[in-house]
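Biologist: Could you pick one part of this model and take a close look at it for me? I'd like to know what it packs against and how its surroundings fit into the rest of the chain.

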Amino acid sequence: MPLRAGTSSGLFMVMVAAGLWATVGVAVELTPGAGDVSDTVLAALRTGIAGPVLIALWGLSKRPRSTDLSALALRPLCLFALSSAVFQICLFRSFDQLGVTVAVFLTVCLPPVLAWAWAGLQHRQAVSGQAAVALGLAVVGMAVISVARFDAGSAQLSLSGLAHGVIASIAFVVMSLAAADLSRRASPLLVAGSGLSLSALLLFGIALVLGEGWQLHQQFGGSAAQIGLLVLYLGLLPTALAYLCYCAGMARCRTPVTGLMASMIEPLLAAGLASLLLGERISTVTAGGCVLLMGAMVLLWHCESKPAGPPLSTRRHHPVLGAS
């Protein structure tokens with residue numbers, strides 16, 4: 001059965017966004033002096049570039065301005081901006097406290113589970129059996145990669161780190177639901193641009209409160225040119241283009257759960273880039289986890305090609321989760 005244009009293109013857009021996000025860590029590692037820049041400041045700068053650029057592109061587009069503005073509801077927009085800021089802050093803190101591998105595993109695999117549970121509690125359309133299998137394969141694949149790369153001497157598990165990881169996951173789900181809701185009614189350019197601009201204001205405010213905003217010169221040091229190019233790259237591609245693709249893709253995916261599952265391709269791509277550009281070797285076990293992730297993506301793609309089933313509320317005596 002051929003893939004339907006809406007759902008297949010939505011999954012593809014989410015995967016493009018995940019692929020762009022996968023380049024962030026490698027880009028930072030390759031830039032001299034980037035590790036000395038505050039995470040909050042770096043997040044504020046990249047969103048501060050991306051938001052206005054997307055709004056400018058929306059202004060140059062031929063879409064009806066009044067229609068988009070009237071459809072841009074304030075509450076989900078504020079949720080998008082706030083959750084985006086919280087996600088970035090908690091994610092980078094969980095990196096420091098849990099280690100990158102454990103933090104990525106938690107914040108990539110937990111959001112689809114949370115969204116799935118939320119959809120069940122709200123009595124919305126249940127996730128199909130194939131989607132559930134794809135989720136299981138993806139989680140197992142991520143677990144295999146984490147076990148293969150986890151170094152107990154460099155990553156200290158802590159309650160604070162776990163709390164930051166869980167909060168980041170919840171914030172990512174809230175951001176995804178808000179983005180999908182807004183992008184079904186207004187232009188994804190305006191949604192992503194407005195949300196990221198508000199998020200940048202929040203992040204800059206937090207940086208000033210923490211005293212980090214006055215230390216930009218010291219943080220950049222003698223690597224200002226390289227870090228400036230890094231910020232420009234992060235703002236235009238892994239932020240502006242990635243969030244545009246993500247908002248547009250989430251609006252086209254059948255459910256937020258499948259959209260979130262499609263983003264699980266990010267660790268696979270990040271591992272490949274790290275191997276090619278940073279010289280990190282991928283073990284046989286890690287390669288096996290990558291194969292499981294790819295299998296999950298293929299199964300999910302096939303699942304999205306099928307016609308949507310009836311709403312969960314019309315079914316009788318079916319379990320909330322796992323109904324097909």
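**A close look at helix α11**

Modeller: Let me start with the whole chain: among contacts between residues at least 6 apart in sequence, 91% join residues at least 24 apart. Keep in mind that this is a predicted model. The chain has 14 helices and zero strands, and 48% of its 324 residues count as buried. My pick is α11, residues 224-252.

Take its contact with α2 to begin with. Helix α2 covers residues 23-30, and its axis comes within 11 Å of the α11 axis, with a crossing angle of roughly 170°. Angles over 145 degrees count as roughly antiparallel, so α2 and α11 are roughly antiparallel. On the α2 side the contact uses T23, V24, A27 and V28, and on the α11 side L230, Y233, L234 and P238. Sort those by class and you get seven nonpolar residues, one polar and no charged ones.

Now for α8, residues 159-183. Here the axes come within 8 Å and cross at roughly 70°. That falls in the window from 65 to 115 degrees, so α8 and α11 count as roughly perpendicular. From α8 you have F172, M175, S176, A179, A180 and S183, meeting Y243, Y246, C247, A248, M250 and A251 of α11. The class count for this contact is ten nonpolar, two polar and, again, no charged residues.

Those two contacts also lead into the nonpolar cores. Y246, one of the α11 residues that meet α8, is in the largest core, which has 61 residues; Y246 and M264 touch the most other members. Helix α8 gives the most to this core, with nine residues. As for M264, leave out residues up to four places away in sequence and the list of what it touches is V108, C109, P112, L135, A138, V139, L293 and M297. A separate core has 13 residues, including A34, V37, L42 and L234. You've met L234 already, in the contact of α11 with α2.

Next door to M264 in the numbering is α13, residues 265-277. Its 13 residues reach 18 Å from the first C-alpha to the last, close to the 18 Å expected at 1.5 Å a residue. Its buried residues are I265, P267, L268, A271 and A274. Just after this helix, G279 takes a positive phi of about 80°.

Back to α11 itself, this time for long-range pairs. L232 belongs to α11. At a relative accessible area of 42%, between the 20% and 50% cut-offs, L232 counts as partly exposed. L232 and I49 are 183 residues apart in sequence, but their C-alpha atoms are 7.4 Å apart in space. A second pair with that sequence gap is L45 and G228, 183 residues apart along the chain and 9.8 Å apart in space, C-alpha to C-alpha. L45 is in α3, residues 39-60. Its relative accessible area is 18%, which is under the 20% cut-off, so L45 counts as buried.

I49 takes us on to α9, through S197, which is found in that helix. The C-alpha atoms of S197 and I49 are separated by 8.2 Å, although the two residues are 148 apart along the chain. S197 is buried, at 18% relative accessibility. Setting aside neighbours within four places in sequence, S197 is in contact with G51, P52 and I55.

T40 is another α3 residue worth a look. It is buried too, at a relative accessible area of 8%. Leaving out neighbours within four places in sequence, T40 is in contact with L203, I206, A207 and E212.

Helix α9 itself spans residues 188-209. It has 22 residues and reaches 31 Å from first C-alpha to last, close to the 32 Å expected at 1.5 Å a residue. Just after α9, G211 takes a positive phi of about 80°.

So here's the picture around α11, put briefly: α2 is roughly antiparallel to it, α8 is roughly perpendicular to it, and its L232 lies 7.4 Å from I49, C-alpha to C-alpha.

Methods. Residues are numbered from 1 along each chain as its sequence is written. This is a predicted model: local features need pLDDT of at least 70, side-chain atom pairs count only at pLDDT 80 or more; totals for chains, interfaces and linings use all residues. Side-chain values use heavy atoms; hydrogens and water are left out. Axes are lines fitted to C-alpha atoms, for helices over the stretch in contact, and angles run from 0 to 180 degrees between N-to-C directions. Helices (H or I, at least four residues) and strands (E, at least two) are DSSP runs, numbered from the N terminus. Angles under 35 degrees count as roughly parallel, over 145 as roughly antiparallel, 65 to 115 as roughly perpendicular and the rest as oblique. Contact means heavy atoms within 4.5 Å. Ala, Val, Leu, Ile, Met, Phe, Trp, Tyr, Cys and Pro count as nonpolar, Asp, Glu, Lys and Arg as charged, and the others, Gly among them, as polar. A nonpolar core is a set of buried Ala, Val, Leu, Ile, Met, Phe, Trp, Tyr and Cys residues joined through side-chain atoms within 4.5 Å. Buried means under 20% relative accessible area, exposed over 50%, partly exposed in between (1.4 Å probe, protein chains only). The expected span of a helix is 1.5 Å times one less than its number of residues.
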